[in-house]
Amino acid sequence: MAEPEVDHSPAGSRNEVTRRHNLSTLLRYVHHHGDTSRADLTRITGLNRSTVGVLVGELVALGLVKEREPHWEEPRAGRPSPMVHADADVVALGINPETDGVRMGVIGLGGVVHELQQRSVDSPPTLPTMMSLVSDMVASSAALVGRRLVCAGVAVPGLVDEHSQVVAVSHHLGWRNVAVAAALEDALGVPAAAANDANVGAVAEALFGAGRGERNLVYLNGSASGVGAGVIMEGRLLRGERSFAGELGHLTVSPGGAACGCGRRGCLEAYVSMARMRAASGRPDLALDDLDALLADPALPVLRELERQTERLAQGIATIVTILAPRRVVLGGLPGAILTARGEELVARVGALAMPDLALDVPIVRNELREHMMSVGAAEVAFSGLLEDPAGALSALAGVGLSHRGSVSRATARQV
């Protein structure tokens, strides 16, 4: 799998032998930044105008970008430069299995969310269960009809070896050594990729959400499957050995404390916990979408639990800030809801607990993409091969078509 980049300053090359790189640079830029004029692409990449024209023409022929004339309110001298944008009808599936359900988005180039579906489950889904639910959602998808499905991505709450594309372990799902990407490829007939869900969230927020433009940030998420984190350093996702870096939900915040699902004690996710919030509220079916309303005016048991979780979350963030010195901290899921409910208290405690000066001027913000984040991030991981080599990826793609019902079939796609 090609590595998904978080690159805020792309540069092109004038050497014709690097045509693949230049096509990648242009497609990646309009995918991440939206409508851009040919003139601006020329300035940004450092390529000459005629070269940009040829490359844009090739991307148009490949069906990956579209051009339009600019809409100027006032007349200007000279011929206007056409505007280039990624074709949002080129789509990926972004899939996220959780302990309480499976979510699937149909995401177009440019991070456009065409559709989001979810299927609930009573127990953590096995791989066959997930595949069955995905098949059902694909078959019922109105957003796939008439669009060009080119890849699929899956965001997994667990350790994902991105080299082998195998889920090494997901304690919450009960998965071990599961080749989830290969299963998706076999079922859908398009390239598929898997990654850790928090890494996926970090990439999505860095490119399209609350971390846009930041080269150093930490994303911390909390869901029914626990607390995870993704780290962007110098514009690149921090992966570590076997892509396992960033398990910040297992920072120790209380040595010898509460038991964690990982087998250790005192982990952050043992305290910042949906299970604990459900127990305090007396609502075993409490969902992430219900948290804001619950925490806005909490009953006493929930208030006490909120105060405990705020303190533990502050401990975790303070340690993260002290070790990694990010420019921004983005919170999603349960931590995001805690920030909304107890923002001043949380920020003050982080400042008091972190190493002096390191927490200064480090914004702690809630994620912007909310329920779209995992699907957008999973799609971004899937799109990485296309963004790396647009012509080559399409040439290698086995034909995929969509029936009138929206289900995937092995029909021949539009030739490119």
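## The β13–β14 hairpin

In the hairpin formed by β13 and β14, where two residues lie between the strands, E234 adopts a positive phi near 50°. This is a feature of a predicted model, and the values that follow are likewise computed from that model. The strands on either side of this turn, β13 and β14, run antiparallel and are joined by two bridges, with M233 standing opposite R236 in β14.

## The five-stranded sheet

Both of these strands belong to an open sheet of five strands, whose order is β14-β13-β12-β15-β16 and whose pairing is mixed. At its edges lie β14 (236-237) and β16 (364-366), each of which pairs on one side only. Strands of a sheet pair through backbone hydrogen bonds, in either a parallel or an antiparallel sense.

Within this sheet, strand β12 (residues 217-223) pairs with strand β13 (residues 226-233) in the antiparallel sense, over seven bridges. A hairpin of two residues joins β12 to β13, and the bridges between the strands include the one that links S223 to G226 of β13 as well as the one that links V218 to V231 of β13. Because seven of the eight residues of β13 are buried, this strand is largely enclosed by the rest of the structure.

## The β9–β10 hairpin

Another antiparallel pair is made by strand β9 (residues 166-170) and strand β10 (residues 175-178), which are joined by three bridges. Here S170 stands opposite W175 in β10, and the hairpin has four residues between its strands, with G174 taking a positive phi near 80°.

## Helix α3 and its surroundings

Helix α3 (residues 49-61) contains 13 residues and spans 18 Å from its first C-alpha to its last, which is close to the 18 Å expected at 1.5 Å a residue. Its buried residues are V52, G53, L55, V56 and L59. An α-helix has 3.6 residues a turn, so residues three or four places apart point the same way. The buried residues of α3 pack against helices α1 (19-33), α2 (38-45) and α12 (390-396), and also against strands β2 (65-68) and β3 (83-86). Just after α3, G63 takes a positive phi of about 75°.

One residue of α2 gives a local view of this region: T42 is found in that helix and counts as buried because its relative accessible area, 17%, falls under the 20% cut-off. When its neighbours within four places in sequence are left aside, T42 is in contact with L47, N48, R49 and V52; of these, V52 is also among the buried residues of α3.

## Ring interactions

The structure holds zero aromatic pairs. A ring does, however, take part in a contact of another kind, since the charged end of R312 sits over the ring of Y271, 4.5 Å from the centre of that ring.

## Confidence along the chain

The mean pLDDT of the chain is 87, and 89% of its residues reach 70 or more. Over residues 1-9, by contrast, the pLDDT is below 50, and this stretch has 32 contacts in the model beyond near neighbours in sequence. The pLDDT also stays under 50 over residues 398-416, for which the model has 48 contacts beyond four places in sequence.

Definitions and conventions:
Residues numbered from 1 in each chain as written. Predicted model: local features only at pLDDT ≥ 70, side-chain atom pairs only at ≥ 80, totals over all residues. Heavy atoms only, no water. Phe/Tyr/Trp six-rings, centres within 6.5 Å; stacked < 30°, edge-to-face > 60°. Lys NZ or Arg CZ within 6 Å of the ring centre and 35° of its normal. Expected span 1.5 Å × (residues − 1). Buried < 20%, exposed > 50% of the residue type's maximum accessible area, 1.4 Å probe, protein only. Contact = heavy atoms within 4.5 Å. pLDDT = per-residue confidence, 0-100. Pairing = 2+ DSSP bridges.
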